[in-house]
Structure formats: C-alpha cells, structure tokens
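Colleague: I'm new to this one and would like a close look at a single part. Could you pick one helix, walk me round it, and then show me what lies around it?

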Amino acid sequence: MTQLKRIFRYIKLVPVIFALAMFISGQAMALTCKVTPGTIPISLGYHGTKVTISGDGLDANDLIIQIHSPPGEEHLKYKGKAGGIFWMKLGTMTFENVPGVYLVYSTQDTHKLLSPETCKELSIGFDALKKKAVIKSDLKDLDRDRWLKEYMKFKEEEHVYLEKTGVIKIDPASHAYTAEIDWPFEAPPGEYNVEVFAIQNGKVVDKAEAKLKDMRVGVEELLSHMAFEKPALYGIIALVVAIVAGFGVGMVFKGGGGH
Amino acid sequence: MYIYLPIALTSVSLWLVVGLGLLVGLLSGLFGVGGGFLMTPLLMMIGIPPTVAAATDANQIVAASASGTLAHWRLGNVDFKMGLMLLVGGFTGGALGVHVIKVLRATGGADFLIKMTYVIMLGVVGAFMFFESLNALKKQKATASMSEAELKAAEEKKQAKAAKKGMLSALPFQMYFEKSGVTHSAILPIGLGIFVGVLAAIMGVGGGFLMVPVMIYLLRMPMHVVVGTSLFQIMFTCVEVTFLQAYQNHTVDIVLAILLLLGSTIGAQIGTKLGKKLKGDQLKILLAIIVLAVTVKMILGLILEPSLLLAHGGGH
C-alpha cells in the first residue's frame, strides 16, 4: 500500500516534469541573431564588406531580415523645369522620419509574407516607410506619392536602400538560418539595428535583434577628426601637401630648360 | 585597388582618380586653365558629393598650378607684374561675387543665374576662341603665299587697327609689362581681374578659362606668357578657396586631393612640354573645342529630363 502511494506521488509529478521540459525546450527554441563582424572597420582600403547574419531557434518557414539606421531627416534639392524649358534644381525638399540606410532581405517578397497593416505596424518594407515618412517643401501642390517614389529611387541609386530576396538560407533540420550580405561602402559610419522576423502563416511568430557598427579607424579616423575639430590646421596641411607635391614634381621634371 | 575617402564618405578606384588628375593636369599645363570647370563635374559623376568635389578640386588645382607655374617660370613664361595686378582684381571681384550669390540665394533664382552664366560664358568664350584661331590659322597659310607688297599693306592695316585703342592708352597709370611686351594702364588688368573674379565666384570656379581669353584678346599678351601667368594667378586664388572651404565648410577631402594631385602634377608637366611643341593657335583651337564640348554637355543636361529628380545640395 505504501509502495502504491509512492508510485502515485511520482505519477502526479509527471505533468510538472513535462511542463518543465516544455519550458526548457521552448527557451532553447527562441530565435537568435548574430552579426559577423559586429563592427566593420573603415580603413584606407575599405570598399564595403561581406556581413554574415546567422542564428538558430527558427521555428517558421519564412524570414525577414532588415538593417537600418535610426529614423531621421534628409535635406535634398528637387529638380524641375525652370520657365518650362530647362531642368534644374528648383528648391529644397526635406524627408522626415526616414532611415538613412535601409536594407531588407527576405525569403519571399515582404508583401507576400505579411499584410500591409502588419508591415506598417512593424515598419517592414519600402511601402511601410513611405506611409510613415513626412515631406516638407516649398514646392506648391506637392504630389506626396510621386516624391516618395523619387526618394526611394534616389536612395536605391546610392545603394543605401535595398529590398532583396534569395540571400537567406534556412536549414529546417537544425532550425538555423544564414544570410551573407554585401555591406555597401556608401553606408556612412554609425550604428545600425539588425532585426530578424520569423514568419509563419502571415504572422510574425518570433523576433531577434542585434547591432552592427560601421566605424572609421586609423588614418581615416585621424583625418576625419582633424577636418572637423581642427579645421584651420587641416586646411594648412592640405595646402602644404599640395604645394610641396606641385613643386616636388616640378623639380623631378627639371629638364624643361629656361632659366 | 580602392581607397576610402574620409570626408566624401565613399570608396573610389585609385587608378580612376589618378587618371582623372592626369587628364586635367595635362589640360592645365597645356592651356593655363585650372580645369575646375571639367574636374568638378567629373568627380560628381564618380559619386563624390558636389560640395566635396568643388572644394577638393580647388585643393588639387593648387598642386597642379604650382607645378605648372614652376615649369613655366623656368621657361620664362610668367609675367609676375601682370599676374599680381590680375590677382588683386581677382580677389576683390571674388569677394564681390560671393556677396552677389548670397543676396541671390536669399531672394531665390541663384541656381538659374549660375547655370545660365555658365552656359553663356562657356559658349561665347569657346565659340570666339574657335573661330578666331581658325581665322588665324587660315591667315598663316595665306601669308605664306603672299607677295612682299601684300605683306606691307597687311602690316599697315594692322597698325591702323592698333592705333584705335587710343581710349585705353589715355587711361592713367600706364606701365610697361616687360615679359609680355605690352603697355597698359594698371587699371585695365585690375578691372579685368575684378570682372573675372565676379564671374568666377558666381560660377564657383577658379576662372582660368575666362582669364586666359581676357589675357589673349584684351591684354594682348603672347599665348605662352598667358599660360604661365594664368597658372600663377590660379594658384593663389585656389589657396584662398581651399583654406576657406576646409575651415568653414569642412568639405576638403585630403585623401582625394592627394590622389588627384598625383596625376595632375605629372600631367601639368607633360602638358607644359607638349605645349611647347604646339603653335599658339593650335593650342587655342584645342581649348576652344574642349570648352564647346563642355557647353554642349551642359545644354543637354539642361534640356533632357534627368533620371533622378532629387539631388544633394551644392555643385553646379
């Protein structure tokens, strides 16, 4: 009888043990994100680099990875016809609440994976950015859609805005993913947010985040610091280098005759 | 091989930039122009922001013009007296032009004025130089086949034409410019310097392509002295511009300037040596063709719809 009671006590523990096992396994399945390298050094020979974004704990069929700088404002000049004949810069246009750099990688087109409402809510994709952006300009009868389209085109030409599929590789067996991306050299130094969204049946089921830094090192950092912090000295050095180089080469080519 | 530019915040091919410097330096040594009207748009085409392109160009012109001035000085082609007078006028005119632009920017329409001044000045200067040199080359051929009596008649005609500039010779402060072999009132080069300085400031260039025709056609200086003297004057103008741009706007990219001047200083030397082998009118006609080509490119840029309707501020 005592033995039966003991067995019964152990049986009562089974659901608790099962729940604990589920919790632990659930913890292990959480989506992770790792960026390699986490810091990109901008040195003299820098021409962009390869960045690998990887992680595990993926329990979904699709993935969206987006990398962006914090939203800010950008002042640009807009072109138009002056006097109905000549194309030229006519005035200033300020785009507010837009990131300077915005790169999106996904397993399928983002609009196929998520509804426009979800995209807007989570700020995923160009269309979501357009909805949140604000334009200020001296241009009369501003066509918002047209100029936002122009803005996206302008940023894509600069290689700092991108929507791309086919870069992410998913291994369902190990629940892992990898994406090797070309980090553009046009992206200015700064800190970027990396966000990974796991998508299942049109819904975001998990999310992971990481940071990516892009910073000047060595000579690049020294010159940039001097140009902004000691501009007089920087200007004098620029002149001395130019004059010495000019006269130096002149000396090398001395065989010119004359006096 | 790529180099990252710390102020332009972009990466460029080392050989491409050195090559651009070489090309523009060659023109500088050949014609005595700084090449700003050519280099700034070229730099913008390879992705350099307009403000950085214009400021850094001024910095590399310091090197190319220093190299060219030294080469021409050795050849005895620099009229320092005339150069200094033009420089005084140029500095004054530059300051005036900067003020004019400031007022226009406040009232709007500055970009329109800049573009129009550019097209009109380049077009007029280019066309004038082209036809004038073409006529001169034709005349040389005709002179070669002229009889002695015909040559005498032509010389008398030339002297009568020279006597017409009596108004200019009536101006005070007349002085002889030994190196150029001309006599002018000091007011003339200073006044012309002011005129070119104002236009150069409005257009955002050193003004070499304007100063060269002024020296040839209005100051009647010999072509080879014009080139050396123009480079001497450009060197000082660009020293001032480089320092002000670095100090006030932080737009001088020293790495880009070094790459450009690697090419331009060598190009300027080659250009100087090449210039010695070409005749004055051949040089003028070549410069006129380049100026006209840039004008045509600018006109096309004005009338054809651009692929992008947004742009960064600054530049032309």
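Modeller: Here is a walk round one helix, followed by the contact between the chains and the cores.

Keep in mind that this is a predicted model. The helix to find is H6 of chain A, residues 218–229. Let's start with its length: at 1.5 Å a residue, its 12 residues should span 16 Å, and the end C-alpha atoms are 16 Å apart, so the two agree.

Now look at which residues face in. Glu220(A), Leu223(A) and Ala227(A) are the buried ones to pick out in H6(A). They sit on the same side of H6(A), because the arc they cover around the axis is only 75 degrees. Turn to the other side of H6(A) and you'll find Gly218(A), Leu222(A) and Glu229(A), which are exposed.

So what lies over those buried residues? Part of the cover comes from chain A, including strand E2 (39–42), strand E13 (203–216) and helix H7 (231–252). Chain B joins in too, with strand E1 (2–5) and helix H11 (254–277) among what covers them.

That brings us to the place where the chains meet. There, 51 residues of chain A are in contact with 50 residues of chain B. On the chain A side, the elements giving two or more residues are strand E5 (71–82), strand E6 (86–99), helix H5 (144–157), and our H6 along with H7. H7(A) has the largest share, 15 residues. Sort that side of chain A by class and you get 30 nonpolar, 12 polar and 9 charged residues.

The chains also pair through strands: E5(A) and strand E5 of chain B (residues 310–311) run antiparallel, joined by 2 bridges. If you want a spot to zoom in on, Lys77(A) has Ala311(B) as its bridge partner.

Finally, the cores. The largest nonpolar core has 103 residues, and those touching the most other members are Ala242(A), Leu5(B), Val62(B), Leu256(B), Ala257(B), Leu259(B) and Leu261(B). Helix H10 of chain B (residues 223–249) gives the most to this core, with 13 residues. Take Leu261(B) as a closer example: leaving out residues up to four places away in sequence, it touches Ala242(A) and Ala245(A) in one chain, and Gly21(B), Gln60(B), Ala63(B) and Ala64(B) in the other. Another core lies apart from the largest one; it has 47 residues, including Tyr102(A), Phe154(A), Tyr192(A) and Ala198(A).

Conventions:
Residues are numbered from 1 along each chain as its sequence is written. Chains are lettered from A and ligands numbered from 1 in the order in which they are written. This is a predicted model: local features need pLDDT of at least 70, side-chain atom pairs count only at pLDDT 80 or more; totals for chains, interfaces and linings use all residues. Helices (H or I, at least four residues) and strands (E, at least two) are DSSP runs, numbered from the N terminus. The expected span of a helix is 1.5 Å times one less than its number of residues. A residue is buried if 20 or more other C-beta atoms lie within 10 Å of its own, exposed if 12 or fewer, and partly exposed in between; C-beta atoms are placed from the backbone. The arc is that of the directions from the helix axis to the C-beta atoms. Two residues are in contact if their C-beta atoms, placed from the backbone, lie within 7 Å. Ala, Val, Leu, Ile, Met, Phe, Trp, Tyr, Cys and Pro count as nonpolar, Asp, Glu, Lys and Arg as charged, and the others, Gly among them, as polar. Two strands pair if DSSP finds at least two bridges between them. A nonpolar core is a set of buried Ala, Val, Leu, Ile, Met, Phe, Trp, Tyr and Cys residues joined through C-beta atoms within 7 Å.
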